[in-house]
Each structure stands twice: as C-alpha cells, then as structure tokens.
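Let's take a walk through this protein chain together. Have the model open and turn it as you read.

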Amino acid sequence: MKDYKFLFLLLILVLTNCEDENEVSPQVEINEGSWVKYSPIKWTHDGTPISGTFCKVYSDEASNALKLQCLEFADKMFGEILAQFSFNDLDDLRLPPENDKINVYINTEHEDNIASAYWGTIFITIRTIALDTNRYEYLFKHELTHEFEFLIEGTVNLGTDVWFREAIAIYCGGGFDYINTIDDLEGWITANENFPGQGNPIMIHVWDDFPDGCDITGYYCKAFDITMKYLLDPKGLNKSFQDVLNVFYDIRDGDSFSIAFQNNFDLNLIAFEDEFYDRIRDFLTD
Ligand SMILES: [Zn+2]
C-alpha cells in the first residue's frame with residue numbers, strides 16, 4: 001500500500017503551480033478544444049458530465065457507472081476534507097465564475113498519467129473499469145486538498161510555499177511513515193548531502209527550488225510529510241487545521257505566505273528553515 005501510494009505520488013508532478021505547468025506542459029494538449037480555463041490541459045470530454053453535491057465528473061471515455069462511482073467518491077472525499085477543517089460555510093468557497101461545482105476530470109484513454117489540481121478542476125487518470133476506492137483515497141484527497149486551498153484563496157495560482165501546500169495535501173491524504181525515527185531522519189539528511197540544506201524541505205518555496213535531478217514532489221514527499229506532522233502534532237508545534245485554514249485566508253486577504261505563516265504558526269519562516277532539522281530531531285526524540 002505504501003509503495004503504491006508512493007508510486008502515485010510520483011505521478012503528482014507539476015500539480016498546482018500553474019505558472020510552471022504553463023511552461024512545461026503544453027505537449028499535454030492532444031485534442032483541440034479548450035475545456036478548462038485555468039489549466040494548459042484541454043482534453044476534450046464526452047459531453048455528458050454528471051453532477052453531485054460538491055463535484056461534477058467529466059471524462060473522455062469512462063463509462064457512466066465509473067463516472068457515477070467517481071462522483072460519489074469525490075463528493076465523499078471532499079466532504080471529509082471540509083470536516084477535517086471544520087469548514088461549513090460553503091458560500092465562502094470561491095469557485096471560478098464559470099464553475100458550478102468542482103470539476104473532476106477522469107482521464108481514461110489519454111496516454112499521460114496525471115494527478116493535478118487547478119482552480120476549479122482536478123485531473124486524475126483512472127485506467128480501470130471500476131474505481132478501487134482503497135487505492136484512490138490518497139490521490140483524491142491529496143488533489144482535493146489542493147482544490148480546497150484554491151477555493152479558499154480564490155486564485156489561479158496558490159499563494160502558499162510549495163512545501164506547505166504539498167505537506168498539507170499529503171497530510172490530508174493520509175500521510176506516510178517514511179521518517180519515524182532519528183535514524184530515518186539522519187538517513188534522509190545523508191542521502192541528500194548534495195542537495196541544498198541536505199534536503200531541507202522548507203527551502204522549497206517555489207517550484208524552481210527543487211534541486212536539479214530530483215523528481216520533485218515524489219521525492220520530497222518524505223520530508224514534506226514529517227513537516228506537517230511536526231506542525232500539527234501536540235508533541236510538535238501543536239497547531240491546528242484552523243491555523244492552516246487561516247493561512248489560506250490571510251493569503252486571500254493579501255498577505256505573503258511568510259507573513260501568513262508567522263502570524264498563524266507563531267514561527268518565523270526563516271527561523272524555521274534554519275532550525276528545521278533540530279526541531280524535527282527533538283520531535284522524533286520525545
Ligand atoms: Zn500535491
């Protein structure tokens with residue numbers, strides 16, 4: 001299960017930074033016809049989307065049964081994310097003006113394997129006739145957590161640092177257990193001795209900060225994972241989902257990420273970067 005989740009995480013490559021995706025992904029467009037406004041992915045759909053509570057499922061070739069199964073699952077997963085954030089004010093979610101729901105595009109036939117989120121839309125490749133909900137829970141929740149952030153900030157480009165947005169999406173997806181001990185942590189540091197900060201995740205502020213030669217989010221997810229655990233665990237910084245949500249709201253209101261993070265986590269971002277490994281060592285020692 002863990003390996004499977006990690007493999008899927010490898011697919012979650014250029015997920016949420018539209019600026020980067022616009023630069024690197026024009027080849028993804030294999031059919032004419034703009035469908036999604038805020039993504040370079042403009043795959044055509046079959047003209048028969050189905051709409052649920054929060055989501056609306058589009059596909060190229062998925063059967064109606066698969067679309068319905070994905071719709072029920074996506075609605076359930078997004079509902080669980082809202083519950084995790086104790087979020088009830090649905091009118092305060094800022095969908096793009098042309099959306100009436102969160103679009104969920106089920107890619108079944110296109111060659112590319114994708115899992116990505118944009119303002120108002122997530123794309124997920126599903127090759128099977130029926131949805132294996134155990135296997136896809138992580139992926140749906142990860143992308144729908146990104147979507148939740150998009151809908152709070154109401155923006156085409158997310159305002160959080162890459163490490164933060166990935167860390168909360170990994171956490172809400174269910175997390176991993178790669179770094180559980182001091183030895184795990186020291187192993188990570190040693191393995192990344194040639195990377196900036198020896199793999200310090202807080203140094204990944206924007207997409208271009210990923211070191212050359214690393215497979216970006218798929219690789220750094222180990223470190224992103226332990227970071228959000230530290231921030232939210234009572235034995236760590238003991239912050240809450242409300243604090244995460246307030247970061248999103250402060251960004252909506254115009255704050256930079258560093259200001260929003262400091263105001264809600266009572267921690268200077270530069271200090272956190274400098275102290276990162278010492279803080280995680282202490283966290284894992286307790
Ligand atoms: Zn992600």
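What follows goes from the overall make-up to the sheet, then to the helices and the core.

Keep in mind that this is a predicted model. The protein chain has 10 helices and 5 strands, and buried residues account for 40% of its 286 residues. If you look at contacts between residues at least 6 apart in sequence, 63% of them join residues at least 24 apart.

Now find the sheet. It's an open one, built from 5 strands in the order E1-E2-E3-E5-E4, with mixed pairing. E1 (50-51) and E4 sit at the edges, each pairing on one side only. On one part of the sheet you'll see helix H3 (residues 64-84), which touches E1, E2 (55-59) and E3. The direction of H3 makes about 145° with that of E2. Helix H4 (residues 133-153) packs on the sheet too, and its contacts are with E3, E4 and E5. Compare its direction with that of E4 and you get about 15°.

Strand E5 (residues 121-125) is a good place to zoom in. It is mostly covered, with 4 of its 5 residues buried. E5 pairs with strand E3 (residues 102-107) in the parallel sense, over 5 bridges. Val 104 has Ile 122 as its bridge partner in E5, and Ile 106 is matched with Ile 124. E5 also pairs with strand E4 (residues 115-118), this time antiparallel and through 4 bridges. Here Ile 124 turns up again, as the bridge partner of Ala 115.

The hairpin of E4 and E5 has 2 residues between the strands, and Gly 120 takes a positive phi near 95° there. E4 may be an edge strand, but both of its faces are covered. Ala 115 and Ala 117 on one side are buried, and so are Ser 116 and Tyr 118 on the other.

Where does the largest nonpolar core lie? This core has 70 residues, and those with the most contacts inside it are Ala 74 and Val 104. Domain 1 (2-153) and domain 2 (162-285) both contribute residues, so the core lies between them. Leaving aside residues up to four places away in sequence, Ala 74 touches Cys 55, Val 57, Val 104, Phe 140 and Leu 144. As background, nonpolar side chains tend to be buried together in soluble globular proteins.

Finally, swing over to helices H6 (residues 182-191) and H10 (residues 269-285). Their axes are 9 Å apart, and the two pack at an angle of about 155°. Angles over 145 degrees count as roughly antiparallel, and H6 and H10 are therefore roughly antiparallel to each other. Which residues of H6 meet H10? They are Ile 182, Leu 185 and Ile 189, and on the H10 side they meet Tyr 277, Ile 280, Arg 281, Leu 284 and Thr 285.

Technical notes: Residues are numbered from 1 along each chain as its sequence is written. This is a predicted model: local features need pLDDT of at least 70, side-chain atom pairs count only at pLDDT 80 or more; totals for chains, interfaces and linings use all residues. A nonpolar core is a set of buried Ala, Val, Leu, Ile, Met, Phe, Trp, Tyr and Cys residues joined through C-beta atoms within 7 Å. A residue is buried if 20 or more other C-beta atoms lie within 10 Å of its own, exposed if 12 or fewer, and partly exposed in between; C-beta atoms are placed from the backbone. Domain bounds come from an automatic or database domain assignment. Two residues are in contact if their C-beta atoms, placed from the backbone, lie within 7 Å. Two strands pair if DSSP finds at least two bridges between them. Axes are lines fitted to C-alpha atoms, for helices over the stretch in contact, and angles run from 0 to 180 degrees between N-to-C directions. Angles under 35 degrees count as roughly parallel, over 145 as roughly antiparallel, 65 to 115 as roughly perpendicular and the rest as oblique.
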